[in-house]
Amino acid sequence: MKTRIKEYRAKYNLTQEELAKKVGVRRETIVFLEKGKHNPSLKLAYKIARVFNVRIEDIFIFDEE
């Protein structure tokens, strides 16, 4: 899965640490999400989308394989 987390973080001027605190995870989780090495739970995807005031589909690009 690909994400646009890094792009949205830059737009909102948030560090990985700040985003992690806002959604209740460790910074490493944000790192793994940005690198596509971790798939978020639906709850976490929702929380991240809420931080940026967008839909989950705007942040996470799901491969249709």
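Which elements cover the buried residues of α3? That is the place to start in this predicted model, and the views below work outward from there.

**View 1. Helix α3 and what sits over it.** The cover on the buried residues of α3 includes β1 (2-3), along with α1, α2 and α4. Underneath are Thr 29, Ile 30, Val 31, Leu 33 and Glu 34, the buried residues of this helix. Follow the chain just past the end of α3 and you reach Gly 36, where phi turns positive, at about 75°.

**View 2. Where α2 meets α3.** Two packed helices are described by the angle between their axes and the distance between the axes. Here α2 and α3 pack at about 110°, and their axes are 8 Å apart. The two helices are therefore roughly perpendicular to each other. On the α2 side, the residues at the meeting point are Gln 16, Glu 17, Leu 19, Ala 20 and Val 23, and their partners in α3 are Arg 27, Ile 30, Val 31 and Glu 34.

**View 3. A closer look at Gln 16.** Gln 16 belongs to helix α2, and it is one of the buried residues there. Its side chain makes a polar contact with the side chain of Arg 27, at 3.3 Å. Setting aside neighbours within four places in sequence, Gln 16 is in contact with Arg 9, Arg 27, Ile 30, Val 31 and Glu 34.

**View 4. The two sides of α2.** Gln 16, Leu 19, Ala 20 and Val 23 are the buried residues to pick out in α2. Looking down the axis of α2, these buried residues fall within an arc of 100°, so they line one face of the helix. Swing round to the other side of α2 and you find Lys 21 and Lys 22, both exposed. The cover over the buried residues of α2 includes α1, α3 and α4. Just after α2 comes Gly 24, with a positive phi of about 80°.

**View 5. The two sides of α4.** Helix α4 spans residues 42-52, and within it Leu 44, Ala 45, Ile 48, Ala 49 and Phe 52 are buried. Seen down the axis of α4, the buried residues keep within an arc of 135°, so they too line one face of their helix. Leu 42, Lys 43 and Arg 50 are exposed on the face turned away from the buried side. Quite a list of elements helps to cover the buried residues of α4: it includes α1 (5-11), α2 (16-23), α3 (27-34), α5 (56-59) and β2 (60-61).

**View 6. The largest nonpolar core.** In soluble globular proteins, nonpolar side chains tend to be buried together. The largest nonpolar core in this model has 16 residues, and the members touching the most others are Ile 5, Ile 30, Ile 48, Phe 52, Ile 59 and Phe 60. Two or more residues each come from α1, α2, α3, α4 and α5. Helix α4 gives the largest share, five residues. Take Ile 5 as a way in: leaving out neighbours within four places in sequence, Ile 5 is in contact with Leu 19, Ile 30, Leu 33, Glu 34, Ile 48, Ile 59 and Phe 60.

**View 7. Phe 52 and its surroundings.** Phe 52 sits in helix α4. With a relative accessibility of 0%, Phe 52 counts as buried. Tyr 12 is 40 residues away from Phe 52 in sequence, yet the two are 7.7 Å apart in space, C-alpha to C-alpha. Again ignoring neighbours within four places in sequence, the contacts of Phe 52 are Tyr 8, Arg 9, Tyr 12, Leu 14, Leu 19 and Ile 59.

**View 8. Two asparagines with positive phi.** Most residues other than glycine have a negative phi, and most peptide bonds are trans. Asn 13 has a positive phi of about 55° although it is not a glycine. You will find Asn 13 in the loop between α1 and α2, where it is exposed at a relative accessible area of 68%. Asn 53 also has a positive phi, near 55°. Asn 53 comes just after α4, in the loop between α4 and α5. At 69% relative accessibility, Asn 53 counts as exposed.

Methods: Residues are numbered from 1 along each chain as its sequence is written. This is a predicted model: local features need pLDDT of at least 70, side-chain atom pairs count only at pLDDT 80 or more; totals for chains, interfaces and linings use all residues. Side-chain values use heavy atoms; hydrogens and water are left out. Buried means under 20% relative accessible area, exposed over 50%, partly exposed in between (1.4 Å probe, protein chains only). Helices (H or I, at least four residues) and strands (E, at least two) are DSSP runs, numbered from the N terminus. The arc is that of the directions from the helix axis to the C-beta atoms. Contact means heavy atoms within 4.5 Å. A nonpolar core is a set of buried Ala, Val, Leu, Ile, Met, Phe, Trp, Tyr and Cys residues joined through side-chain atoms within 4.5 Å. A polar contact is a pair of N or O atoms within 3.5 Å; within protein, one must be able to donate a hydrogen and the other to accept it, and residues adjacent in sequence count only if both atoms are side-chain atoms. Axes are lines fitted to C-alpha atoms, for helices over the stretch in contact, and angles run from 0 to 180 degrees between N-to-C directions. Angles under 35 degrees count as roughly parallel, over 145 as roughly antiparallel, 65 to 115 as roughly perpendicular and the rest as oblique.
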